[in-house]
Amino acid sequence: MTEQPSYRFAPAFEAPSGSAIRELFKYLSQPGMISFAGGYPPPALFDQAGLAAAAERALREAPIDCLQYAATEGLPMLREQLQALMARRGCPVALDELMVTTGSQQGLDLLIKVLLSPGDRVLVERPTYPATLQALRLAGCALAGVATDAQGLSTEALAEQLAGQPRGHFRLLYCVPSFANPTGACLPLARRLALLALAAEHDFLIVEDDPYGALRFRGEALPSLFALQNQVPGAQGRVVHLSSLSKVVAPGLRVGWMVAPLPVRQRCTIAKQTVDLCTSPWAQRIAAEYLAAGALEQHLPALVAGYRAKAERMLAGLAGLAEHLEVAPPEGGMFVWGRCRHGVQAREVFERAVEHNVLFVPGAAFFGDQPDPSSLRLSFAAPGLEAIDQGLERLRAAFA
Ligand code: PMP
C-alpha cells in the first residue's frame, strides 16, 4: 500500500484563506450574469490597434530585447518612458529610483519582503484593497485599520491613533490616495500634507499605491504624495510610490513600477531577482513602444470619457435605489462604495443578487478589522451602459 505524503507547509500556508473576490469568479460563468464585482477594464476600452502596432514594432525593431532576459530593474527604454510619464503626472523622479515590477502587486510584495518582519505594525485604510491585507497577513504583520470617510483616510483619526505611541511604533502605512479600491475616495490636498507631516513626526514610511490616479473624470488633478513629500519638513524620503499600466493600458501586460528612495529600490531589485529575474522583457518592450509612440496620451481621453459615462450611468441608476443604498459618488477610478440602509446586510443582498444574475462584492472582504457588514463595492468598469441599467434593475429586485 502506498502511503500518502504528508505535506508540511510553511506556517503562513497551513490554513491560508484565498482572495474573497476570486471566490466570486465561479458565479461569472452563470449564463447572463452581469458583474459589478471585479475592477476589470472593459474590452471596448482596450486600445487593441495601438497595442498591436506596439507589439509588431517591438518584435521587428528589438527582437533580442524581447526574447532575451533583461536587467532586473527593467528595460532601460521602459524605465525612461515611465520616468517621462511620471514627469507628465507632475512628479519628476530620478531614473535610479524607478524600477519595473510585474504589476504593482509585485511592487507591494517586494516592499513587504525588504521592509517588514513578522509582528511589525502596519497601518492600512479601513476599508482597503484586499490583496494588500492578504500579503501583509501572510507576512505576519500586525494590521491596524485607520478610519476613512467620503474623502478617504481620516488624518484626524490617524493622529489620534498615533498620539501617545513612541516614534517608530508603526513601520509603514499603506494607502490608495486617488480613487481608492474599494471606496473610490480621493484624499484632498490638505489631508495629503497632513499625512506626510504625521509620517515625519511618527517616523513611518508611506506606501502610496496609485493604479487609478490617471482615471480622473471629474474635478482637478491632485499631486501625488510622492510629489508632495518635499513640501513637508521631515517627510522627504518617506514615500514609496507604486503604479501600473494595468488600468490605463492593459492588466495582461503585467507591467507596473515602483519609485522608491535608492536604498529601498536597490533592495527591492535584489528581492525581485529571486522572484522572477525580470518582468517579461517582451511585455516591457511592447509597453515601452506604446508609450514612446504617445499612444497612452492619445488613448487616455477616450478611456477617461468611457469611465465617466459608465460612472454617471451607474450613479443615475443608483439614485433610484437611494431608499436601500447610500453611495459616495467618485471623481475617478472604477468603484462606487455603498452602505445598505435599515440594518440590511450586504451578504444577504448578495445571495439574492446572485439569484437575480447580478454580482457585486460584499464589503467585508475589504476590512482588516471591524468589518462594516452593511457595505458593498460596485464597479462600473466592465459592463456596458445598458448592462449597467439592467444590472441595477436586478439589484433593485434583490433588495425588494
Ligand atoms: N493596487 C490596487 C489598489 C488595485 O486595485 C490593484 C488591482 N486590482 C492592484 C494594486 C494590482 O494591480 P496590478 O495589475 O498592477 O498588479
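I will start with the ligand. In this model, 14 residues surround the ligand, and the closest are Ser-104, Asp-209, Tyr-212, Ser-244 and Ser-246. Please keep in mind that the model is predicted.

Three polar side chains can be described by distance. For Asp-209, a polar side-chain atom lies 2.6 Å from a nitrogen atom of the ligand. For Ser-244, an N or O atom of the side chain is 2.6 Å from an oxygen atom of the ligand. For Asn-181, a polar side-chain atom is 2.8 Å from an oxygen atom of the ligand.

Next, the sheets. A general point for those new to this: strands of a sheet pair through backbone hydrogen bonds, either parallel or antiparallel.

One open sheet has eight strands, in the order S2-S9-S8-S7-S6-S3-S4-S5, and its pairing is mixed. Which strands stand at the edges? They are S2, residues 98-101, and S5, residues 152-153; each has a single partner strand, so one side of each is left without a neighbour in the sheet. Further in, S6, residues 172-175, pairs with S7, residues 205-209, in the parallel sense over four bridges. One of the bridge partners is easy to find on the screen: Leu-172 is matched with Leu-205 in S7.

Helices pack on this sheet. Helix H6, residues 103-115, touches S2, S6, S7, S8 and S9, and its direction makes about 155° with that of S8. Helix H9, residues 189-202, lies across S4, S5, S6, S7 and S8, and runs at about 145° to S7.

There is also an open sheet of four strands, in the order S10-S11-S14-S13, with antiparallel pairing. Its edge strands are S10, residues 325-328, and S13, residues 361-362; each has a single partner, so one side of each is without a neighbour in the sheet. Between S11, residues 335-340, and S14, residues 375-379, the antiparallel pairing runs over five bridges. Here Phe-335 has Ser-379 in S14 as its bridge partner.

Last, a pair of helices. Two packed helices are described by the angle between their axes and the distance between the axes. For H3, residues 48-61, and H12, residues 281-292, the angle is about 115° and the axes are 8 Å apart. The crossing of H3 and H12 is right-handed. On the H3 side, the residues in contact include Leu-51, Ala-55 and Arg-57, and on the H12 side they include Trp-282, Ile-286 and Tyr-290. Which classes of residue make up this contact? Eight are nonpolar, one is polar and four are charged.

Methods
Residues are numbered from 1 along each chain as its sequence is written. This is a predicted model: local features need pLDDT of at least 70, side-chain atom pairs count only at pLDDT 80 or more; totals for chains, interfaces and linings use all residues. Side-chain values use heavy atoms; hydrogens and water are left out. Axes are lines fitted to C-alpha atoms, for helices over the stretch in contact, and angles run from 0 to 180 degrees between N-to-C directions. Helices (H or I, at least four residues) and strands (E, at least two) are DSSP runs, numbered from the N terminus. A crossing is left-handed if the near helix is turned anticlockwise from the far one by less than a right angle, and right-handed if clockwise. Contact means heavy atoms within 4.5 Å. Ala, Val, Leu, Ile, Met, Phe, Trp, Tyr, Cys and Pro count as nonpolar, Asp, Glu, Lys and Arg as charged, and the others, Gly among them, as polar. Two strands pair if DSSP finds at least two bridges between them. A residue is near a molecule or strand if one of its heavy atoms lies within 4 Å of it. A polar contact is a pair of N or O atoms within 3.5 Å; within protein, one must be able to donate a hydrogen and the other to accept it, and residues adjacent in sequence count only if both atoms are side-chain atoms.
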